[in-house]
Amino acid sequence: MERLNHNLAAKPASERLGYLAFVLTACVFAVFFVMPIVWSFANSFKPAAAALADPAALFSKAFSLENYRRLEHVGAGWYVYAGNSVLIAAGTVILTVLVSVPAGYGFSKFRFPGQSLLFVLIMATMMIPFQSILTPLFLILKVFRLQNNLFGLVLIYVTFQLPFSVFMMRNAFDAVPKALIEAARIDGASQATILRRIMLPIALPGVATVAMFAFLNSWNEFLAALIFLSDQNKFTLPIMLVNVSSGIYGIIDWGALQAGIAVTMVPCILLFLLLQRYYVRGLTAGAVK
C-alpha cells in the first residue's frame, strides 16, 4: 500500500486516475487467475464426503489427507506417475538445451550457405499440427523399437520443442555484442570456450526460458503420452488425472481429482517462481540491439 501511495504521489494528477484504474484491473485479473488454484488446493484437503456433496464449495470445516492417500491406489500409484513425469521432463529439458544452445549460437554468430533457408525451414515446422503426424511418429518409434518407451517420448517432445528453443537462443545470442567474441578470439579462446565461458553466462536468461518452456510443455502434455505409451506403469500425471476424472461407474471422485491437480501444479508453480525474472528477460532478449 505504501508503494502504491508513493507511485500515485510521484505521478501528475492527470495520470493518477489512469494508473489507479490499471492497478485495480490488474488485481481483478490476478484474482481470476489465482482463485482456481486456491480452489483446487482447498478442495484437495476436503474429506471425501464433503467433496462429493458440494464440489463447488471453497472451504470445508474438516481437514483431511484422505484424497492424497486415495491417489496411491489409482493405477500404479501417483508417485510412479510423478516419477515418470519427472524423468520425461528432465530428459526433455536437458536434450532441448544441449541442442538448442549450440544451434542458436551457430545461427546467430556464424554465416554459412543456406543459413536463412535452413532457419526458415526450422521455424516452418512450428506450423505443422502435432496431431497430423502422430501416425508417422508412431511408425518411426516402432522402427527404432522405442514405442511404449519413456526415452522415445522424450525424443518426440524434444523434436517439437526445438524450433521455438532455437529461435529463442538465436535471439538471446544476437543481444551479445560481437566485440566480446572478437576480444576472446584475440586472446586465443576456441569457439567452445567462447560459448561456454562468455556467451552462456550472458545468455543465461534465454537458457532459463527455453528450459522452463520445455519443462512445462513436457510435464503437462497428454495426447502423445496417451498414444505412445501403453504400459500403465509408464503413464504420466496427466493420464492419471484422466483416469481419476473418469471415476468408477462414471462417478467423479472430486476430492482425489483435485488432489491430483494439486500434485501436478506444485512443480510448475515452484519452477516459475524460481525462474520468473530470467523468464521475462529471456522472452525480451534480442528485442532491442
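**Entry 1. Helix α4**

I looked up E66 and R70 in helix α4, which covers residues 66-71. The two positions are four residues apart, so about one helical turn separates E66 from R70. The model I am reading is a predicted one. In it, I find E66 joined to R70 by a salt bridge, with 3.1 Å between the closest N and O atoms. I recall that side chains of opposite charge can pair when their charged atoms come close. I then checked accessibility for each partner. E66 is partly exposed at 30% relative accessibility, and R70 is partly exposed at 22%.

**Entry 2. Helix α8**

How many salt bridges does the structure hold? I count two, and I turned next to the one between R170 and D174. Their side chains meet with an N to O distance of 3.9 Å, which falls within the 4 Å limit for a salt bridge. Both residues belong to helix α8, residues 150-174, where four positions, or about one turn of the helix, lie between R170 and D174. I read a relative accessibility of 22% for R170, which makes this arginine partly exposed. For D174 I likewise noted 22%, again partly exposed.

**Entry 3. Cysteines**

I searched for disulfides and found zero in the structure. I also looked up the surroundings of two cysteines. Is C27 buried or partly exposed? C27 has a relative accessible area of 43% and is partly exposed. C268, by contrast, is buried, at 13%; the cut-off I applied for buried is under 20%.

**Entry 4. Aromatic rings**

I tallied the aromatic pairs and arrived at 10. One of them is W78 with Y79: the ring centres are 6.3 Å apart and the planes stand at 70°, so I entered the pair as edge-to-face. The assignment follows because planes over 60 degrees apart count as edge-to-face, and the centre distance is admitted because the pairing limit is 6.5 Å. On accessibility, I recorded W78 as partly exposed, with a relative accessible area of 28%. Y79 is also partly exposed, its value being 48%; the exposed class begins over 50%.

I then asked which residues form a cluster with Y105. Y105 belongs to one aromatic cluster together with F110 and F173. I note that helix α8, residues 150-174, holds R170 and D174, the salt-bridge partners of my second entry.

Terms used
Residues are numbered from 1 along each chain as its sequence is written. This is a predicted model: local features need pLDDT of at least 70, side-chain atom pairs count only at pLDDT 80 or more; totals for chains, interfaces and linings use all residues. Side-chain values use heavy atoms; hydrogens and water are left out. A disulfide is a pair of cysteine sulfur atoms within 2.5 Å. Buried means under 20% relative accessible area, exposed over 50%, partly exposed in between (1.4 Å probe, protein chains only). Rings of Phe, Tyr and Trp (its six-membered ring) pair if their centres lie within 6.5 Å; planes under 30 degrees apart count as stacked, over 60 as edge-to-face and the rest as tilted.
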